[in-house]
Amino acid sequence: MDDIPFAQLQAFLAVARANSFIGAARELSISRSAVSQSVQQLEERLRVVLVQRTTRSVSLTDAGRRLVDRVGPVFAQTAAALAEVSAKPGEVVGRLRLSVPHAAVSLILEPVLPTFRERYPRVEIELVLDERFVDTVAGGYDAGIRLSESIERDMVQVRLTEPFRFVVVGTPDYLARHGRPQRPEDLLEHECITFRSPTNGALYAWELERGRKSWRVPVRGGIVTNDGLLCSTLAKRGLGLAYSPEAWIRDELRRGELEVMLEAYAPVVPGYFLYFPSRDQQSAPLRLFVETAKGLLLGR
């Protein structure tokens, strides 16, 4: 077992991340047949099936999942160490793979990435946009970015934004035609652009609060989407009311394109956080990304 090639493990872990031989081939810049052959050779050496293959899908066996859990973090650390060895003194080399919701692109990535790339040009960054909560270890990520309430409690959390409000918004034209809701239950009489969770498939009930009282309003409307940013974009077109982080729509509010209603009921959330399983496994690129983000976004 001492002679298991590095390339075979690399191919298998790429397949596990992508759930696809084609996706793994694209990531590694080799042919699909080369990926398939490497995984098959690894299975023959280990004398166990790691990947179940059908004409339509790829999935890991129990043995495959165990190998990802045990080898994935070690492999990532080894790859990072090899990259660091090749670097010049004081130069940071490595790879940073992040799971990011669409909403965090404008709030976090756009302000941070230009400076980060300028400071650390030899750090390769892969950004995977996904609304679902992602297991960073199983998915082969260095870290993820999510709202605090979506993160498992056993994860290390690093604040990236200040707390902000979720607000109900609509256009002046929509409000002139349909009236302005005065109480949370009034939303049931309005056309609301509805969000379907990509994690569990459920329609999201808008959460409002005032003092110690809270509401979960099961709003409905003619448009359903799994993209939170699209909700506010469609609301700006007058297609209904949207429930949106205030930070997304500051310019629209300032220009009067959207108006906030039920402002006294707007809840405050802790904000966006970067999460990862252990500080002991924090790579140099991740540590430097955190430092850069906190400096630019929080002034720390």
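What follows is a walk through the structure, from confidence and domains to one sheet and its aromatic pairs.

The model is predicted. Mean pLDDT for the protein chain is 88. Of the residues, 93% score at least 70. Confidence is highest in strand β13, residues 259-261, with a mean of 97. It is lowest in helix α6, residues 136-139, where the mean is 75. Where pLDDT is low, predicted coordinates should not be read in detail.

The chain is divided into three parts: domain 1, domain 2 and domain 3. Domain 1 covers 6-67. Domain 2 is made of two segments, 87-162 and 271-298. Domain 3 spans 164-269. Between the centres of domain 1 and domain 3, taken over C-alpha atoms, lie 44 Å.

Now to the sheet. Five strands form an open sheet in the order β4-β3-β5-β15-β6. The pairing is mixed. Strands β4 (123-129) and β6 (156-159) are the edges, and each pairs on one side only. On average, neighbouring strands of this sheet are turned by 25 degrees against each other, direction ignored.

At one edge, β6 pairs with strand β15, residues 272-276. The sense is antiparallel, over 4 bridges. Val 158 stands opposite Leu 274 in β15.

A helix lies across these strands. Helix α10, residues 284-297, crosses β3 (94-100), β4, β5 (143-147), β6 and β15. It runs at about 60 degrees to β3.

Next, the aromatic rings. A pair of rings is described by the distance of the centres and the angle of the planes. The count comes to 8 aromatic pairs. One of them joins Phe 116 and Tyr 120. Their centres are 5.2 Å apart, and the planes stand at 55 degrees. This pair is tilted. Both Phe 116 and Tyr 120 are buried.

How are the rings of Phe 166 and Tyr 243 arranged? Their centres are 5.2 Å apart and their planes are at 20 degrees. Planes under 30 degrees apart count as stacked, so the pair of Phe 166 and Tyr 243 is stacked. It links distant parts of the chain. Phe 166 sits in strand β7 (residues 164-170) and Tyr 243 in strand β12 (residues 242-245), 77 residues apart.

Are these two rings' residues, Phe 166 and Tyr 243, buried or exposed? The cut-off for buried is under 20% relative accessible area. Phe 166 has 13%, so Phe 166 is buried. Tyr 243 has 10%, so Tyr 243 is buried too.

Phe 166 and Tyr 243 also belong to one aromatic cluster. Its other members are Phe 164, Tyr 204, Trp 206 and Tyr 272.

Terms used
Residues numbered from 1 in each chain as written. Predicted model: local features only at pLDDT ≥ 70, side-chain atom pairs only at ≥ 80, totals over all residues. Heavy atoms only, no water. pLDDT = per-residue confidence, 0-100. Helix = DSSP H or I, 4+ residues; strand = E, 2+ residues; numbered from the N terminus. Domains from an automatic or database assignment. Pairing = 2+ DSSP bridges. Axes fitted to C-alpha atoms, helices over the stretch in contact; angles between N-to-C directions. Contact = heavy atoms within 4.5 Å. Phe/Tyr/Trp six-rings, centres within 6.5 Å; stacked < 30°, edge-to-face > 60°. Buried < 20%, exposed > 50% of the residue type's maximum accessible area, 1.4 Å probe, protein only.
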